[in-house]
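I opened my notebook to look up two things: what sits inside, and how the chains meet. My notes follow.

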Amino acid sequence: MKIGIVCPYSFAVPGGVQGHVVDLAKALLVRGHEVSVLAPAAADTELPHFVHPAGRAVGVPFNGSVARLQFGPVSYARVRRWILDNDFDVLHLHEPVVPSLSMLALKVADGPIVATFHLSTPRSRTMLGFRPMLRPLFEKITARIAVSVLARRVQVEHLGGDAVEIPNGVDVPFYAQATPLPGYPRQGGTIGFVGRFTEPRKGMPVLLDAMRRLLVDFDELRLLVVGGGEAEELHEQAGPELAERIDLLGQVDNETKARALRSADIYCAPNLGGESFGMILTEAMAAGTPVVASALDSFRRVLDDGNAGVLTPTGDADALAAALRKLLTDQARRQELSAAGSERVARYDWATVCDQVVRVYEAAVAADPRRVGEAAVRQDIAEGES
Amino acid sequence: MTTTTLLLILTVLLLLALIVGGLLVSTANRLDRLHVRTDAGWAALDAAMARRAVVARAVAVGGPPGPIAARLRAAADHAESAPRGERESAENELTRLLAKVDRSALSDVLTRELRDAEHRLVIARRVHNDAVRDTLALRRRRKVRYFKLAGSAPPPAYFEIAEPD
């Protein structure tokens with residue numbers, strides 16, 4: 001199939017949607033499909049060969065952060081050119097609810113169009129306010145994908161339309177085959193944490209509290225932290241005794257992250273909320289590391305209700321400490337969880353996820369048997385005025 | 001003086017008529033496209049159901065013989081030949097029987113084929129119902145009802161069946 005994918009966010013900054021788009025494109029290419037990704041990017045950015053740059057993006061505050069988006073007549077012309085030149089079988093737009101390349105492409109194109117919705121919080125009231133105006137545009141979407149149960153709920157309740165739920169994919173072999181960092185695996189127990197640790201909803205204080213309860217009995221126990229944030233703030237939160245047990249790697253590339261996940265004996269996700277899916281849990285499971293996570297809805301789903309990992313009450317340091325203690329002393333249980341996690345994560349592997357996405361492409365083509373072309377906008381206006 | 005006013009009023013009225021006319025024509029176009037989308041969505045859903053019926057028959061042949069195999073074949077035949085009004089319950093019956101099949105007793109190829117057919121049916125149904133939802137939403141608008149922009153096209157109906165997990 002010839003597939004055109006539009007990513008609304010610039011590849012100059014790392015992000016969930018961008019990563020998803022690149023991984024999906026690669027998985028599709030492996031399966032012999034032809035893929036072109038249209039994304040905002042300046043001419044001097046290093047890009048994968050399948051990415052077609054659409055020019056520099058502008059920073060727009062959206063949904064609590066700055067999204068680098070693109071809009072305007074120049075972008076419009078570029079999107080149009082890209083669609084006309086490529087003659088796609090199917091067009092796959094990511095996050096077309098934000099004013100961006102995706103929305104422009106939706107305006108320009110006609111034919112089988114698949115849209116993926118990543119947003120799981122209906123926080124953008126402004127966007128919802130524009131719904132009546134956007135309705136004619138959204139009517140052109142043939143099939144919709146939501147990346148999580150929550151994203152689908154937003155879709156059904158706020159945007160009016162159903163979606164097929166297809167989870168985010170994870171490159172299982174990449175994590176499963178990563179070599180542990182030098183010096184690992186080590187004796188004495190290592191607990192892993194990945195994320196911006198100074199962000200309250202990531203729940204680092206809960207993990208630190210739990211760690212403090214374990215220090216006496218496990219005098220070699222260490223905490224391996226990957227992610228951005230102020231190191232000083234972390235050490236201050238931990239206190240002098242615990243601070244020297246923390247190994248902070250800071251922000252690292254994907255490979256180092258995978259190696260860190262392979263190095264830990266237990267991966268801990270003490271998050272307090274705000275997680276719509278739990279990508280990092282699938283990565284830890286892919287690395288074969290047993291997971292202990294707060295019992296958030298999304299985590300519960302990924303961990304198969306506690307069958308593929310340990311769930312503890314959210315924000316409860318005592319319960320977390322007890323769960324960690326039990327796992328640290330029970331190697332058989334750790335191996336059991338690791339095996340259960342590896343089995344569970346197979347459903348999130350790109351091999352599986354990509355097949356599901358292709359099914360949606362085929363369903364869209366079946367439900368709109370044309371090729372992707374340009375919408376007859378001008379013709380409508382001409383008819384309207386005659 | 002009066003002629004100028006009259007001319008002005010006439011011009012305004014003419015412009016207004018043009019704008020309203022243009023709006024109605026573009027709405028009619030939109031509605032037409034939605035009806036096309038709904039029809040194509042139904043054709044795709046019909047094909048997905050036919051595919052599942054074929055796989056169900058293959059399961060009846062390739063699975064363990066017994067009363068369920070015969071019932072499966074009968075349900076697949078009935079689902080395919082059922083008129084639109086009875087189609088939903090016929091498809092539900094087939095879903096129910098397929099859920100009863102012990103999948104571990106089937107060959108890997110057949111299990112994969114069955115799961116694939118079921119997933120395609122779920123997608124096709126949502127794609128179809130999405131098109132129906134958009135069409136009905138536009139048909140309910142006042143400008144469509146007052147000016148009868150939907151013409152004689154019958155309103156599309158949702159296809160409601162239980163989804164296999």
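I started with Leu28(A). I skipped its neighbours within four places in sequence. Leu28(A) is then in contact (heavy atoms within 4.5 Å) with Ile3(A), Ile5(A), His33(A), Val35(A), Cys354(A), Val358(A) and Tyr361(A).

I noted what I was reading: this is a predicted model, where local features need pLDDT of at least 70, side-chain atom pairs count only at pLDDT 80 or more, and totals for chains, interfaces and linings use all residues. Residues are numbered from 1 along each chain as its sequence is written, chains are lettered from A and ligands numbered from 1 in the order written, and side-chain values use heavy atoms, without hydrogens and water.

Next I looked up the largest nonpolar core (buried Ala, Val, Leu, Ile, Met, Phe, Trp, Tyr and Cys joined through side-chain atoms within 4.5 Å; buried means under 20% relative accessible area, 1.4 Å probe, protein chains only). It has 37 residues. Leu28(A) is among those with the most contacts inside it, as are Ile5(A) and Tyr361(A). Helix 15 of chain A gives the largest share, nine residues. (Helices are DSSP runs of H or I, at least four residues, numbered from the N terminus.)

Then I turned to the contact between the chains. Chain B gives 22 residues and chain A gives 27. I counted six salt bridges between them (a side-chain nitrogen of Lys or Arg within 4 Å of a carboxyl oxygen of Asp or Glu). Arg359(A) forms one with Asp116(B), with the closest N and O atoms 2.5 Å apart.

Conventions:
Buried < 20%, exposed > 50% of the residue type's maximum accessible area, 1.4 Å probe, protein only. Helix = DSSP H or I, 4+ residues; strand = E, 2+ residues; numbered from the N terminus.
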